[in-house]
Amino acid sequence: MFSRFFSRVGLLAAPFLALIMAGCSKAEMTVRQSTLDPKGPVAKMQYDVFMDTVWLVVVLFILVGGLLVYAVIKFRARPGDEDAPRIEEGHGNPLVEIGLITASIGALVIIAIPTLSAIWYTDDVPVESVPTSKLSAWYPRLEGAKENYAKVVEEQVLEIDVIGKQWWFRFEYPQLGLTNDAKRSVPNEFVIPKGKAVRINLRSEDVIHSFWIPKLAGKVDLMPGRKNHMWIQGDEVGHYYGQCAEFCGDSHAYMRFRVEVVEPAEFAKWVQKQKTDAGAVVASPKAEKGKALFAAKTCSMCHNISGHYGAGAFAPDLTHVASRKSLAGAWLDNRDPKAQLAKEQQTQNTESSVEVDKEVLRANLKKWIGSSGVATGADGKPTKDVKPGNRMHFYKMFNVAGLTETQQKFTADELDCLAEYLLTLK
Ligand SMILES: [Cu+2]
């Protein structure tokens with residue numbers, strides 16, 4: 001009777017367990033935004049705390065569950081039990097109570113030790129990651145690091161300011177002169193050198209957002225009127241995926257970003273490139289027309305394109321828009337999806353990435369611009385918003401005098417020209 005009961009439970013449980021375990025397969029653990037596949041010390045530390053907790057809980061589960069199963073089997077009803085003498089029920093056994101309380105406190109302490117040390121570790125760049133003694137391209141040598149930690153961190157550790165906006169991220173490198181004020185900010189995709197600790201300063205220009213790169217570090221909020229910080233380090237070169245993790249309005253789910261971890265020499269090159277202006281638009285009448293449209297259609301009021309248009313400071317900087325692998329808060333992917341998938345399968349690594357596909361980017365640009373600021377598209381039909389409520393679509397809400405009148409419609413040719421122009425901005 002008993003074994004039949006268990007075999008039935010087993011029969012029911014087996015497919016269910018298989019389903020759960022399917023979630024633990026290696027393939028599942030290496031998805032783009034997996035916290036179970038840490039690729040840097042901060043994420044690794046957080047992963048370790050998680051696993052410590054899991055193992056402790058597994059031990060508790062087996063202990064408590066085992067005792068329960070033992071009691072159920074050992075003291076089960078047997079025929080003839082009705083006549084057996086009743087056992088006196090026990091009340092308040094101080095030894096058992098104190099024992100259990102002590103054991104619970106013990107379990108909490110065991111969890112608290114790695115948790116607290118992880119909180120301290122992840123809070124700011126640890127001393128051992130400050131490259132005081134190592135000469136490197138952009139960290140100047142400085143003596144007496146440990147005595148003057150805060151100063152050293154400030155001077156030697158690469159700092160990146162992250163600004164949350166509805167619904168995209170702006171990145172600035174104040175030490176390197178890549179700031180919005182200098183018309184050199186970097187939207188949606190930022191780059192860090194491999195193996196270097198990077199301090200991240202977080203703030204918001206509107207509502208609360210949260211910064212999360214599952215493979216590099218857990219979430220920290222961006223709060224209006226407050227500075228938060230954290231640090232990250234990427235130990236493997238690659239293209240990492242991040243996302244806003246605090247509900248922040250209509251397009252919260254479309255508020256993503258990317259991090260490119262590159263070799264230090266590549267990083268220096270990238271920084272140099274960010275400092276260059278957009279070049280002259282040569283030998284393409286279409287792109288020339290697009291460039292003129294960029295002003296005529298008021299794009300330049302919000303967007304900066306260094307070397308071409310310098311008034312806009314509110315929207316993503318477009319000086320190098322064609323070099324980025326994603327668009328519009330990293331919601332649209334500018335790579336060929338098939339080639340990308342093939343690459344990920346071939347390398348068994350979601351951080352490997354193909355280059356930008358010009359035609360995919362062109363299509364994305366047209367889709368994005370065509371759906372923003374217009375009620376109807378080039379074909380006269382209502383356009384579907386790429387990102388609901390986005391601040392480009394609703395720019396009349398930013399009640400700059402007269403903007404209400406400037407809601408744009410685009411002809412197919414105008415969209416072509418705008419896209420052609422933006423494609424030149426590498
Ligand atoms: Cu957000």
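A nonpolar core is a set of buried Ala, Val, Leu, Ile, Met, Phe, Trp, Tyr and Cys residues that are joined through C-beta atoms within 7 Å. The exercises below use this term for a predicted model.

**Exercise 1. Find which residues touch the most other members of the largest nonpolar core, and explain where this core lies with respect to domains 1 and 2.**

Step 1. The largest nonpolar core has 69 residues, and those that touch the most other members are Val162, Ile232, Leu418 and Leu422.

Step 2. Looking at the elements that contribute, we find that helix α11, residues 412–423, gives the most to this core, with 7 residues.

Step 3. Domain 1 (153–263) and domain 2 (285–423) both give residues to the core, and therefore it lies between them.

Step 4. Taking Ile232 as an example, and leaving aside residues up to four places away in sequence, we find that Ile232 touches Gly40, Val42, Val198, Ile200, Ile213, Leu216 and Ala217.

**Exercise 2. Decide which residues of helix α6 are buried, and describe what covers them.**

Step 1. Helix α6 spans residues 264–274, and within this helix Phe267, Trp270 and Gln274 are buried.

Step 2. When α6 is viewed down its axis, the buried residues fall within an arc of 60°, so they line one face of the helix.

Step 3. This fits a general rule: an α-helix has 3.6 residues a turn, so residues three or four places apart point the same way.

Step 4. On the face of α6 turned away from the buried side are the exposed residues Ala265 and Gln272.

Step 5. The cover over the buried residues of α6 includes the strands β3 (186–187), β4 (189–193) and β10 (256–262).

**Exercise 3. Work out which strands stand at the edges of the open sheet of 5 strands.**

Step 1. The strands of this open sheet follow the order β3-β2-β1-β5-β8, and their pairing is mixed.

Step 2. β3 and β8 (228–232) each have a single partner strand and stand at the edges, so one side of each is left without a neighbour in the sheet.

Step 3. Within the sheet, β1 (residues 158–165) and β2 (residues 168–172) run antiparallel and are joined by 5 bridges; Ile163, for instance, has Arg170 in β2 as its bridge partner.

**Exercise 4. Judge where the model should be read with caution, using pLDDT.**

Step 1. The average pLDDT of the chain is 83, and 80% of the residues score at least 70.

Step 2. Among the elements, strand β6 (residues 209–213) has the highest mean pLDDT, 97, while helix α2 (residues 26–29) has the lowest, 48.

Step 3. Over residues 133–145 the pLDDT stays under 50.

Step 4. Where pLDDT is low, the predicted coordinates should not be read in detail.

Definitions and conventions: Residues are numbered from 1 along each chain as its sequence is written. This is a predicted model: local features need pLDDT of at least 70, side-chain atom pairs count only at pLDDT 80 or more; totals for chains, interfaces and linings use all residues. A residue is buried if 20 or more other C-beta atoms lie within 10 Å of its own, exposed if 12 or fewer, and partly exposed in between; C-beta atoms are placed from the backbone. Helices (H or I, at least four residues) and strands (E, at least two) are DSSP runs, numbered from the N terminus. Domain bounds come from an automatic or database domain assignment. Two residues are in contact if their C-beta atoms, placed from the backbone, lie within 7 Å. The arc is that of the directions from the helix axis to the C-beta atoms. Two strands pair if DSSP finds at least two bridges between them. pLDDT is the predictor's confidence in each residue, from 0 to 100.
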